[in-house]
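Student: I've got a model open and want to talk through its insides with you. Can we go through it one question at a time?

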Amino acid sequence: MTKNQIVEILSISEPDSLQALYQRANQVKISTIGNKVFLRGLIEFSNICGKNCYYCGIRHDNKEVVRYELSDEQVLEAVDFAWKNHYGSVVLQSGELTSAHFIKRITDLLYKIKEYTNNEVGITLSCGEQTAATYRQWFDAGAHRYLLRIETSNRELYYKLHPNNDKHSFDKRLDAIRLLREEGYQVGTGVMIGLPFQTIEQLADDLLFFQKINVDMVGMGPYLEHDQTPLYQYKNLLLPPEKRLELALKMVSALRILMPDINIAATTALQVLSPMGREQALKAGANVFMPNITPDDFRKQYLLYNNKPGTNKIIIPDNDDAEYRINISNIEIGYDQWGDSKHFKKE
Ligand code: SAM
Ligand code: SF4
């Protein structure tokens, strides 16, 4: 697809045309990689972060956040839940630290998880920008997929979302994605959709960027405001929630058509804009679902944005009903499978 064609897709607003787009993307998915959705139990194992991204609720300078780090036992308990429920894999996600303690902590955890599950559970990491040596150490310890969103592929917009300093360098982030590939990971990236200042043309470029760097997986979701972050001051520039959800779904569909055999996640943020937002994404081209299995007591401290699901148990249960909701959407679940990217395997 050309950039113009993608822009055209992202500009669709007529309900029948939208449905036709979602159905076409769903068909592309089914005929290329099948109708299975793969589960990844998401473990937010620490909210301690050394960075200051302007959009993120757990940024270093947000002093309102109570910081935590799960113990090995707590992580293994969550892994056990995923394993016993036949999820096939887990994602370990955290704020970004680069200390020797942090690097070793993750390495040790990886070995423990692999040993505990007899290497049956696949592990994806999402722990930010690291050196090649660290990525290698973690790969050798058992991680085989890594998520590192570029957030936006537009350099100018990137610096409206991050401080312009060495810790938040656009080039370093790009380079980290390249390093991950060199170290042998299945590489996932992604962007936030509906950011202040973001244009449809930039989103089209984001999709072409994924294609250019030949990613194996993409996790992209709507940007959601957090009132304790600098970007909150621009909340009046945002699309209304239903339009932001629609734009995110169009991005998923356009990407599925552009890159038919990659893994595309139905991300948590979709669920904030609509209770069935993630299931809608599964019907519009996504094939990965990440139920949050972080222990309840810590979820409210991993608030990337306001109204994050699962932080108020009365409103939204998650892992309890994730499978039920996928099932009623008539989508098959790939139990006990790592659900690796077909795109990666092909290569
Ligand atoms: N610290 C690691 C990193 O930044 O790559 C991994 C954890 S970070 C919390 C994971 C993702 O959360 C980020 O890549 C970003 O896209 C997303 N995120 C953070 N704040 C968000 C917000 N306000 N709305 C939507 N997504 C957000
Ligand atoms: Fe830290 Fe990641 Fe949030 Fe940025 S997005 S502040 S690196 S947790």
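Student: Leaving aside neighbours within four places in sequence, which residues is Glu279 in contact with?

Tutor: Keep in mind that this is a predicted model. Glu279 belongs to helix α11, which spans residues 277-283. Skip whatever lies within four places in sequence, and the contacts of Glu279 are Phe289, Arg325 and Ser329.

Student: Is Glu279 buried or exposed?

Tutor: Buried means under 20% relative accessible area. Glu279 has a relative accessible area of 2%, so Glu279 counts as buried.

Student: Where does ligand 2 sit, and how do the residues of its shell divide?

Tutor: Look in the largest cavity, as that's where ligand 2 sits. Around ligand 2 you'll find Cys49, Lys51, Cys53, Tyr55, Cys56, Ile58, Arg59 and Gly95. Gly counts as polar here, and Cys and Tyr as nonpolar. That shell splits into five nonpolar, one polar and two charged.

Student: Which helix gives the most to the largest nonpolar core?

Tutor: That core has 101 residues, and Trp138, Phe210 and Met220 touch the most other members. The helix that gives the most to this core covers residues 241-258 and puts in 10 residues: helix α9.

Student: And which residues, beyond four places in sequence, is Phe210 in contact with?

Tutor: Phe210 is one of the residues touching the most other members of that core. With its neighbours within four places left out, its contacts are Thr189, Gly190, Val191, Val215, Val218, Met220, Leu255 and Met259.

Student: How many residues are in the other core that lies apart from it?

Tutor: Its members include Leu42, Val91, Val288 and Met290. The count for this separate core is five residues.

Notes. Residues numbered from 1 in each chain as written. Chains lettered and ligands numbered in written order. Predicted model: local features only at pLDDT ≥ 70, side-chain atom pairs only at ≥ 80, totals over all residues. Heavy atoms only, no water. Near = heavy atom within 4 Å. 1 Å grid on protein atoms, 1.4 Å probe; cavity = no way out; pocket = protein on both sides within 12 Å on 5 of 7 lines; lining within 4 Å. Sits in = over half its atoms within 2 Å of the grid points. Core = buried A, V, L, I, M, F, W, Y, C linked by side-chain atoms within 4.5 Å. Buried < 20%, exposed > 50% of the residue type's maximum accessible area, 1.4 Å probe, protein only. Helix = DSSP H or I, 4+ residues; strand = E, 2+ residues; numbered from the N terminus. Contact = heavy atoms within 4.5 Å.
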